[in-house]
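Q: Please take a close look at a single helix in this model and at what surrounds it. A connected account that begins with burial and moves outward to the neighbouring residues would be welcome.

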Amino acid sequence: MTRRRRVPPSPLPQREGVDAVRVRLPLDATWATVREHLVERLSADAETVTGMFEAGRVVGEDGRPVAPDAGYVPGLFVWFHRDLPTEVPVPFPVEVVYRDAHLVVADKPHFLATVPRGSHVTETALARLRRELELPTLGAAHRLDRLTAGLVLFTVRPEERGAYQALFRDRRVRKEYEAVAPFAPGLALPRTVRSRIVKERGVLAAYEVEGEPNAVTRVELAEHRAADGLGRYRLTPTTGQTHQLRVHMNALGVPLLGDPLYPVVADRVPAGDFRRPLQLLARTLEFTDPVTGIEHRLRSTRTLEAWSSPAAWAGQ
């Protein structure tokens with residue numbers, strides 16, 4: 001049996017709380033140089049990649065720059081920092097609701113991505129917390145959608161991350177969400193919604209199909225108001241499919257307020273438009289700490305504005 005090579009630590013420090021990109025050269029070599037492979041892998045023009053090499057931005061395991069004409073070595077690791085995109089700052093803080101030597105539980109605002117991805121890099125909860133708490137080893141144990149606010153669990157020690165990720169993978173975390181949507185008098189609640197949800201790469205909205213259910217959500221009506229026809233709902237998922245709560249609420253005929261994808265995909269809003277956030281909040285996390293054995297029941301202190309101040313939310 002071939003033993004997998006140990007992944008070496010990054011020789012480059014983080015930039016703005018963002019890790020350097022690590023690339024392992026494929027074992028089935030078809031390139032003459034490292035540079036040629038990166039041109040193809042990054043789908044970038046040769047001039048840009050050559051400039052990275054000439055500036056010493058591509059380094060090997062020892063931290064030394066890789067020469068532009070360095071020969072291709074199957075299995076070699078190289079690192080580099082991508083150019084950071086220009087991002088509009090999300091003008092809401094990330095609050096820490098719990099912290100110890102093993103984990104950080106943060107209360108993420110709407111509009112802030114959990115981890116760097118695509119055009120959201122430094123303006124993410126992970127990058128911000130690494131900078132603000134001075135914890136470069138911080139990692140995310142799970143994720144929330146960028147438009148969803150609420151509790152996210154981060155790990156302090158990389159060697160313990162797997163244990164916390166397993167909590168979510170094995171469904172040993174009880175998650176409760178709060179949502180604001182239209183009140184439907186004819187909708188019988190509480191109920192448990194079960195369906196099969198599919199999310200295709202490159203397609204913004206997920207959708208339900210026939211087949212074995214892979215998404216399960218308990219939906220309850222916490223309260224409703226006759227004055228504006230809104231309901232405040234308690235949602236308890238036992239699975240974690242992409243957009244699961246949004247898809248299930250839309251399927252029940254009560255799409256969440258502020259949802260740009262369900263029931264129809266709306267036009268993309270300009271960068272910096274933080275009006276009318278999606279009315280979905282990850283309210284509580286309950287779990288037994290796999291490292292310390294502590295029983296945690298953590299609660300977000302955020303409010304959903306369409307419920308607490310509906311006129312202000314609608315008029316933003």
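**Helix 5 and its surroundings**

A: In this predicted model, the buried residues of helix 5 are Gln 244, Leu 245, Arg 246, Val 247, His 248 and Met 249. The helix spans residues 244-251 and is mostly covered, with 6 of its 8 residues buried. Just after helix 5 comes Gly 253, whose phi is positive, at about 85°.

The packing partners of the buried helix residues are strands: strand 7 (174-182), strand 8 (191-198), strand 9 (207-209), strand 10 (215-225), strand 11 (230-237) and strand 12 (280-288).

Helix 5 also contributes two or more residues to the largest nonpolar core. That core holds 36 residues, and those touching the most other members are Leu 138, Phe 154, Leu 235, Met 249 and Leu 280. Two or more residues come likewise from strand 4 (103-108), helix 3, strand 6 (149-155), strand 7, strand 11 and strand 12. In soluble globular proteins, nonpolar side chains tend to be buried together. Apart from this core lies another, of 16 residues, including Leu 38, Val 49, Phe 53 and Val 58.

Leu 280 links several of these parts. Not counting residues up to four places away in sequence, Leu 280 touches Leu 245 and Arg 246, both of which are buried residues of helix 5. Among the other residues that Leu 280 touches on that count are His 110, Thr 148, Tyr 177, Glu 178, Leu 235, Leu 256 and Leu 304.

One of these contacts, Glu 178, merits separate attention. Glu 178 is placed in strand 7, one of the strands against which the buried residues of helix 5 pack. Glu 178 counts as buried because its relative accessibility is 10%, and the cut-off for burial is under 20%. The side chain of Glu 178 is joined to that of Arg 232 by a polar contact of 3.5 Å. Leaving aside neighbours within four places in sequence, the contacts of Glu 178 are Arg 232, Tyr 233, Gln 279, Leu 280, Leu 281, Arg 283 and Leu 304.

To draw the account together, helix 5 has 6 buried residues out of 8, its buried residues pack against strands 7 to 12, and Met 249 of this helix is among the residues that touch the most other members of the largest nonpolar core. Leu 280 touches both Leu 245 and Glu 178, and the side chain of Glu 178 makes its polar contact with Arg 232.

Methods:
Residues are numbered from 1 along each chain as its sequence is written. This is a predicted model: local features need pLDDT of at least 70, side-chain atom pairs count only at pLDDT 80 or more; totals for chains, interfaces and linings use all residues. Side-chain values use heavy atoms; hydrogens and water are left out. Buried means under 20% relative accessible area, exposed over 50%, partly exposed in between (1.4 Å probe, protein chains only). Helices (H or I, at least four residues) and strands (E, at least two) are DSSP runs, numbered from the N terminus. Contact means heavy atoms within 4.5 Å. A nonpolar core is a set of buried Ala, Val, Leu, Ile, Met, Phe, Trp, Tyr and Cys residues joined through side-chain atoms within 4.5 Å. A polar contact is a pair of N or O atoms within 3.5 Å; within protein, one must be able to donate a hydrogen and the other to accept it, and residues adjacent in sequence count only if both atoms are side-chain atoms.
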